[in-house]
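Biologist: I am new to this one, and I would like to understand the words people use for it. Could you show it to me and then let me ask about them?

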Amino acid sequence: VGEWPAVLVVSQTEAQILAPWRELAWQRTLMAAASLVALIWLISRVVRQIFQLESNARALMASESRFRTLFDSVADPIFLVHPADGSVVGLNDEAAVFIGRTPENMTGRNLSEVLVEPSCDDLHPILQGVHSARGHTLEGMMRAYNGRLVPVEVRLSRIEQGSEPLLMALAIDISERKATHAELERMANYDELTRLPKRALFFDRLYQALAMARRMGRMVGVLFVDLDHFKEVNDDL
């Protein structure tokens with residue numbers, strides 16, 4: 001001023017100078033913290049998913065092991081088949097012994113090769129119509145290892161095994177039941193002493209003959225034979 005220079009000193013406080021940097025630092029710290037939290041959450045989710053998958057895999061293996069143990073321990077033949085075409089994907093030990101084939105030999109073949117009745121054309125619609133675990137029951141004939149045809153009752157049920165549904169066909173040998181039924185029919189229709197047909201069977205055959213004669217426009221003759229003193233023989237001897 002005058003002969004003296006005017007000196008203007010301009011200054012800022014430390015807080016003012018560092019304020020923008022501190023604000024940016026806080027923002028970046030918060031972003032980093034948020035990213036770290038998100039990363040930790042994501043890692044924890046992945047770890048939980050891995051443990052869950054491993055747990056599910058162990059549970060599935062245990063379930064399949066239990067199923068296989070139960071599958072092989074059943075005393076009746078069991079076949080696992082595709083419902084679409086009836087191809088066999090597995091069978092238990094009893095089934096292999098019953099039909100005289102190894103599981104490797106039977107896998108991929110059609111169930112109708114051993115279940116000969118009902119016919120292949122009748123069997124496939126039945127297989128495709130099974131949509132629940134309650135399933136369907138049918139009677140048929142199965143070819144045993146020695147070529148003999150054995151009457152069986154087949155119980156079909158739908159199961160979820162792996163990625164696709166399958167049918168479990170449990171075959172029960174009903175030879176004894178059929179023999180008992182045939183014996184009861186024989187006792188009901190034939191006399192024990194003479195082995196001749198009883199009156200009920202006679203009338204059954206007579207009604208069939210009359211019905212056929214009516215359809216074909218023919219006649220039926222009935223011959224009555226009386227045996228003297230037969231009642232005495234039948235009652236006393």
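Modeller: What follows is a talk about terms and the values behind them. Please keep in mind that this is a predicted model.

Biologist: Good to know! What does the secondary structure of the chain come to?

Modeller: There are 7 helices and 6 strands. Along the sequence, they follow the pattern α-β-β-α-α-β-α-β-β-β-α-α-α. Of the 237 residues in the chain, 22% are buried.

Biologist: Let me start with Ser87, then. What makes Ser87 count as buried?

Modeller: Its relative accessible area is 12%. Buried means under 20%, so Ser87 with its 12% earns the word. You will find Ser87 in the loop between strand 1 (78–81) and strand 2 (88–91). Leaving out residues up to four places away in sequence, Ser87 touches Leu80, Val81, His82, Gly108, Arg109 and Asn110.

Biologist: And why is the pairing of Ser87 with Asp85 called a polar contact?

Modeller: The two side chains come to 2.9 Å. A polar contact needs N or O atoms within 3.5 Å, one able to donate a hydrogen and the other to accept it, and this pair is listed as such a contact.

Biologist: Now the rings. Why is the pair of Phe202 and Phe203 called edge-to-face?

Modeller: A search of the whole structure gives 2 aromatic pairs, and Phe202 with Phe203 is one of these, at 5.4 Å centre to centre and 65 degrees between the planes. Ring centres within 6.5 Å make a pair, and planes over 60 degrees apart count as edge-to-face. The values 5.4 Å and 65 degrees therefore fit both parts of the name. Phe202, Phe203 and Tyr207 form one aromatic cluster.

Biologist: Are those two Phe residues buried or exposed, and how do you know?

Modeller: The word is partly exposed: Phe202 has 40% relative accessibility and Phe203 has 33%. Partly exposed lies between the 20% and 50% cut-offs, so both values belong there.

Biologist: What makes Arg195 and His229 stand out in their backbone?

Modeller: Most residues other than glycine have a negative phi. Arg195, though not a glycine, has a positive phi of about 65 degrees, and His229, also not a glycine, has a positive phi of about 60 degrees. Arg195 lies in the loop between helix 5 and helix 6, while His229 is in the loop between helix 6 and helix 7.

Biologist: Why is His229 called exposed, but Arg195 partly exposed?

Modeller: Exposed means over 50%. His229 has 64% and so passes that mark, whereas Arg195, with 48%, is partly exposed.

Biologist: Which peptide bond is cis, and how do you know?

Modeller: The bond from Glu117 to Pro118 is cis, with omega near 0 degrees. Most peptide bonds are trans. Pro118 sits in the loop between strand 3 (115–117) and helix 4 (120–128).

Biologist: Last one: what lines the largest pocket?

Modeller: The largest pocket has a volume of about 720 Å³. It is lined by 16 residues, and the closest to its centre are Leu196, Pro197, Arg199, Val225 and Phe230. Helix 6 (199–216) and helix 7 (230–236) are the elements that give two or more residues to this lining, and helix 7 gives the most, with 3. By class, the lining has 9 nonpolar, 2 polar and 5 charged residues.

Methods:
Residues are numbered from 1 along each chain as its sequence is written. This is a predicted model: local features need pLDDT of at least 70, side-chain atom pairs count only at pLDDT 80 or more; totals for chains, interfaces and linings use all residues. Side-chain values use heavy atoms; hydrogens and water are left out. Rings of Phe, Tyr and Trp (its six-membered ring) pair if their centres lie within 6.5 Å; planes under 30 degrees apart count as stacked, over 60 as edge-to-face and the rest as tilted. Buried means under 20% relative accessible area, exposed over 50%, partly exposed in between (1.4 Å probe, protein chains only). On a 1 Å grid over the protein atoms alone, a cavity is a set of points where a 1.4 Å probe fits but cannot get out, and a pocket is an open set with protein on both sides within 12 Å along at least five of seven lines; lining residues have an atom within 4 Å of a point. Grid points are joined across faces, edges and corners, and a volume is the space filled by probe spheres set on the points. Helices (H or I, at least four residues) and strands (E, at least two) are DSSP runs, numbered from the N terminus. Ala, Val, Leu, Ile, Met, Phe, Trp, Tyr, Cys and Pro count as nonpolar, Asp, Glu, Lys and Arg as charged, and the others, Gly among them, as polar. Contact means heavy atoms within 4.5 Å.
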